[in-house]
Amino acid sequence: MLRIGLTGGIGSGKSTVEALFRELGVPVLDADQVARELVAPGSELFDRIREHFGESILAPDGELDRARLRRRVFANPGERRWLEALLHPEVRARMAAWAEAQLHPYVVLSIPLLFESGMQDLVDRILVVVCDPQTRIRRVCRRDGIPPEEVEAMLRSQWTDEKRRSLADDVIENQGDLEALRREVERLHRRYLTLAGAR
Ligand code: ADP
């Protein structure tokens, strides 16, 4: 079993790449999705987060307001560390167990903050999606309907593409159109099948 860690900055195209791998029948697990499930109402982590941050962190439907939580910890490194110490060990354990249970020759673990959270050891190879900041900002503003300044601030808090690239085994350049992206994913798919077969 070959474990591919997929990462990249906000708006680089990770979710789109995930979807393309899924279309090829590859099992894909998204760390954000795992985190969302872990903090669902009624879970132990949900209770701990509510106790820590108070009721103001809940949305009207009783779920965690994750956007508000994100903003809150974004502005406060101490709070961010508290939240990460709570979530990361559990996210790691779930991802490792999931990968172990898959039967496909290779799997994709999509981990947006792979480097920032030091999760490199969960995977055998690292695939980084890169795209220039202007294009990413434009795409995220359109996707999320938020102002460019907000995207720029998130971009500044993350690693640069240059730094990610230096630690990548494989890189996808996502400057082109969706067809070009699909071709890149298909190329890597063939490569990963070959690599998995050789193990
Ligand atoms: P991420 O998951 O890395 O934040 P997404 O995959 O959501 O990024 O991509 C950001 C936005 O840009 C999405 O709305 C997506 O549909 C769009 N997008 C991604 N890649 C391309 C591309 N090659 N051409 C046009 N739009 C794209």
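In this predicted model, 14 residues surround the ligand. Lys 14, Ser 15, Thr 16, Arg 143 and Asn 174 come nearest to the ligand. By class, the shell around the ligand holds eight polar residues, four charged residues and two nonpolar residues.

Three side chains were examined for polar contacts with the ligand. In Ser 15, an N or O atom of the side chain is 2.6 Å from an oxygen atom of the ligand. The side chain of Thr 16 also places an N or O atom 2.6 Å from a ligand oxygen. For Arg 143, the distance between a side-chain N or O atom and an oxygen atom of the ligand is 2.7 Å. The ligand taken alone exposes 560 Å². Of that area, the protein buries 79%.

Two elements give two or more residues to the shell around the ligand. They are α1, which spans residues 14–23, and α6, which spans residues 133–144. The most is given by α1, with three residues.

A second feature is the packing of two helices. Such a pair is described by the angle between the axes and by the distance between them. Here the pair is helix α2, residues 31–38, and helix α5, residues 77–101. Their axes lie 10 Å apart, and the packing angle is about 115°. The crossing of α2 and α5 is right-handed.

The contact between the two helices can be described residue by residue. From α2 come Ala 31, Val 34, Ala 35 and Leu 38. These residues meet Glu 90, Val 91, Arg 94 and Met 95 in α5. The contact of α2 with α5 has six nonpolar residues and two charged residues, but no polar ones. The shell around the ligand, in turn, includes eight polar residues.

Conventions
Residues are numbered from 1 along each chain as its sequence is written. This is a predicted model: local features need pLDDT of at least 70, side-chain atom pairs count only at pLDDT 80 or more; totals for chains, interfaces and linings use all residues. Side-chain values use heavy atoms; hydrogens and water are left out. A residue is near a molecule or strand if one of its heavy atoms lies within 4 Å of it. A polar contact is a pair of N or O atoms within 3.5 Å; within protein, one must be able to donate a hydrogen and the other to accept it, and residues adjacent in sequence count only if both atoms are side-chain atoms. Accessible areas come from the Shrake-Rupley method with a 1.4 Å probe; for residues, only the protein chains shown count as cover. Helices (H or I, at least four residues) and strands (E, at least two) are DSSP runs, numbered from the N terminus. Ala, Val, Leu, Ile, Met, Phe, Trp, Tyr, Cys and Pro count as nonpolar, Asp, Glu, Lys and Arg as charged, and the others, Gly among them, as polar. Axes are lines fitted to C-alpha atoms, for helices over the stretch in contact, and angles run from 0 to 180 degrees between N-to-C directions. A crossing is left-handed if the near helix is turned anticlockwise from the far one by less than a right angle, and right-handed if clockwise. Contact means heavy atoms within 4.5 Å.
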